[in-house]
Amino acid sequence: MLQFIIRRLLHSILVLLAISVIIFFSIRLTGDPVTVMFAAGEPSPEAIESVRENLGLDEPLPVQYLVFLKNLATFDLGESFRTGLPVTEMVVDKMGATLLLAFGGVFVAMLIAFPVGILSAVKRGTAVDFFGRIFSLIGISFPNFWLGIMLILIFSVNLQWLPASGYDGIEYLILPSIALGMILSGILARLVRSSMLENLSQQYVSTARSKGLKEWVVIMRHTFRNALIPTITFLGIQFGSLLGGTVIIEQVFSWPGVGRMIIDAINQRDYPVIQGGVIMLAMIMVLVNLLVDISYSLIDPRIKAGGGSS
Amino acid sequence: MAQETILEVKNLKKYFPIKGGIFGKKTLNQVKAVDDVSFHVKKGETLGIVGESGCGKSTTGKTILQLIEATDGEVLFKGKDITKASKQEMKNLRREIQIIFQDPFASLNPRMKVGEIIEEPLINFGLCEGKKARRDRVLELMDQVGLRPEQIDRHPHEFSGGQRQRIGIARALACEPSIIIADEPVSALDVSIQSQVLNLLRDLQKELGLTYIFISHDLSVVKHFCDRIGVMYLGRMVEMAGKHELYDRPLHPYAEALLSAVPVMDPKRKKKDIILEGDVPSPSDPPKGCAFHPRCPMKMDICSEVRPQLENQNGRFVACHLYDQPTEPERTG
């Protein structure tokens, strides 16, 4: 197990290196930050030159990259071109809110998808199943920013039940989480349904029934626990796209997260903030995938982490 | 052998609807998996049910257990009709009638440990109070089926096919059943393992006074293991007789053809093989009259018209028009 984790960590470092190369060079294709900073006036060439030097932009690109990498190794993500604040602090500050939102989305998705998926599978072919599937389709079909705006209109503007923007307590989390988790819940409900159906036709379910167990024990304890295995994998993979999805939702709900910070930074060509934000998101992504891999062996005894056969 | 009838199946039918139409609500046709089957099992005996794949043997077994709901007919366990039992009664009946499945790889929950699998019925039926007592009982059951105590915390995938089948047997025994339906219990196993498992089943029968319904397509296994044998064809019971009677002189032409296909380990003995023409007809569209008549070498006019009933022929049962007349006709072929 330890060997497996070490191997995966080394692997993760390679992934992060590759990501750092892509981010670093691709944002430098977007234009010169200094011209953006001086967009208002007509600066002298000397002024531009001195700002460049200050920011370390006068060095050749490979050198800039190596400096970035060296600092990254010590978790120093540099300072914002604009505010001069250390990026590491900025990112850590905002990451909490983003993760909270992402987990909120996953939670909402599970809260909706598990019952819908299970009921659809158990009542296969009935009206319950039909509406469950329609619901999944609707969930998948809504763009989340539109859903976000609709939720604000209905629950904040008209009904005035819940706050529309910002973060100042648990009630602020509800609408953005729903907006974020809805699409995921649609896909997840379908996955749970098909996974349940697959397992319900397995013979061990008949075994459980022949033990005289109550039907819901058969469904929850025997079938659902096995159907959970592909579901967890899926959630792990989807967590990444959910983190990406927060960028839009954070914009809609003025959520003080990393996504909004990155968008602002892109507008201002604030290289260190973009780099730092994206690298941190990537790290979390890699970490979540590692956790998912480890959790397999906990959920499914047939899989021994490390690939050792039994 | 005790002669008390423990289980009686009367006119059991299981039709699976084939649905179609835009909304999938219209029943287009029915697959008659079990079509009017009757038989009884005596306490302590082993009743074999043989037939080709798809003839409804397994469906019969599962319908007796109510794992599949019967379309029609009665299943009388100790004189009580199971098909009309309430939920509470059914729970108790589940304990009395247990099943061992064909595929030991699919029939055990992969996420549960062996101990948990065997323990679950003990908890569910309240057969054993207290953690310690239950664990002791699980270990006792494991010992009974030849599993080692240290295997209690392993998962099913860590076992071989034969061992898994032993787990399946221990699980069934945990319910303290009086009847075990063994649905092709050894057909997924290697031949060398088959005899071990069969011997185990036989030992357990002696020890615990169990009654078996043994479903199989393997005629040599059935001959070795069963006291009485029922032969099924296309969802119907065509012949039912004691082991020796059936193997020495099958009455139904299908049973005769089936038995002639068993390889005999005697080079000197000239065996006549009866090769059946054609395929088994579809159970969704069985032939009129006797289901076997399109392939029967002894076919008569009446066979395509009237369905023969399973009738008593000097203590054994056969469903064939050849035996309608008071005197048995001269057999040729």
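**Entry 1: Gln160(A)**

I began with Gln160(A) in this predicted model, and I asked whether Gln160(A) is buried or exposed. I counted 9 other C-beta atoms within 10 Å, and Gln160(A) is therefore exposed, since a residue is called exposed when 12 or fewer such atoms lie within that distance. I then looked up where Gln160(A) sits, and I found this residue in the loop of chain A between α7 (144-158) and α8 (171-200). For a sense of distance I also took Pro43(A), which is 117 residues from Gln160(A) in sequence, while the two C-alpha atoms are 50 Å apart in space.

**Entry 2: chain A as a whole**

Next I asked how many helices and strands there are in chain A. I noted 12 helices and zero strands, and reading from the N terminus I wrote the order of elements as α-α-α-α-α-α-α-α-α-α-α-α. The C-alpha trace of chain A spans about 85 × 60 × 30 Å along its principal axes. Of the 310 residues in chain A, 35% are buried. I also looked at contacts between residues of chain A that are at least 6 apart in sequence, and 72% of these join residues at least 24 apart.

**Entry 3: what the UniProt record says about chain A**

I turned to the UniProt record, an unreviewed entry, which places the feature "transmembrane region" at residues 9-27, 99-122, 134-157, 169-192, 227-253 and 273-292 of chain A. I checked two of these stretches against the model. Residues 134-157 of chain A are 92% helix and 0% strand, and the C-alpha atoms at the two ends are 28 Å apart. Residues 227-253 of chain A are 96% helix and 0% strand, with end C-alpha atoms 35 Å apart.

**Entry 4: where chain B touches chain A**

I then looked up the contact between the chains, in which 24 residues of chain B meet 19 residues of chain A. Which elements of chain B give two or more residues to this side? I found α2 (87-96), β6 (97-100) and α3 (114-124) of chain B. Sorting the chain B side by class, I noted 10 nonpolar, seven polar and seven charged residues.

**Entry 5: two helix pairs in chain B**

Before going on I reminded myself that two packed helices are described by the angle between their axes and the distance between the axes.

For the first pair I took helix α4 (residues 131-144) and helix α5 (residues 161-174) of chain B, whose axes come within 9 Å and cross at roughly 130°. The helices α4(B) and α5(B) are therefore oblique to each other, and their crossing is right-handed. On the α4(B) side I listed Leu141(B), Met142(B) and Gln144(B), which meet Ala170(B), Leu173(B) and Ala174(B) of α5(B). The residues of this contact divide into five nonpolar, one polar and no charged.

For the second pair I kept α5(B) and added helix α6 (residues 191-208) of chain B; their axes come within 10 Å and cross at roughly 15°. Because angles under 35 degrees count as roughly parallel, α5(B) and α6(B) are therefore described as roughly parallel to each other. The crossing of α5(B) and α6(B) is right-handed. Among the residues that make this contact I noted Gly161(B), Arg166(B) and Leu173(B) of α5(B), and Ile193(B), Val197(B) and Leu204(B) of α6(B). By class, the contact of α5(B) with α6(B) has six nonpolar, four polar and one charged residue. Looking back, I saw that Leu173(B) is named in the contact with α4(B) and also in the contact with α6(B).

Key: Residues are numbered from 1 along each chain as its sequence is written. Chains are lettered from A and ligands numbered from 1 in the order in which they are written. This is a predicted model: local features need pLDDT of at least 70, side-chain atom pairs count only at pLDDT 80 or more; totals for chains, interfaces and linings use all residues. Helices (H or I, at least four residues) and strands (E, at least two) are DSSP runs, numbered from the N terminus. A residue is buried if 20 or more other C-beta atoms lie within 10 Å of its own, exposed if 12 or fewer, and partly exposed in between; C-beta atoms are placed from the backbone. Two residues are in contact if their C-beta atoms, placed from the backbone, lie within 7 Å. Ala, Val, Leu, Ile, Met, Phe, Trp, Tyr, Cys and Pro count as nonpolar, Asp, Glu, Lys and Arg as charged, and the others, Gly among them, as polar. UniProt positions are given in the numbering used here, feature names are shortened, and annotations may be inferred rather than shown by experiment. Axes are lines fitted to C-alpha atoms, for helices over the stretch in contact, and angles run from 0 to 180 degrees between N-to-C directions. Angles under 35 degrees count as roughly parallel, over 145 as roughly antiparallel, 65 to 115 as roughly perpendicular and the rest as oblique. A crossing is left-handed if the near helix is turned anticlockwise from the far one by less than a right angle, and right-handed if clockwise.
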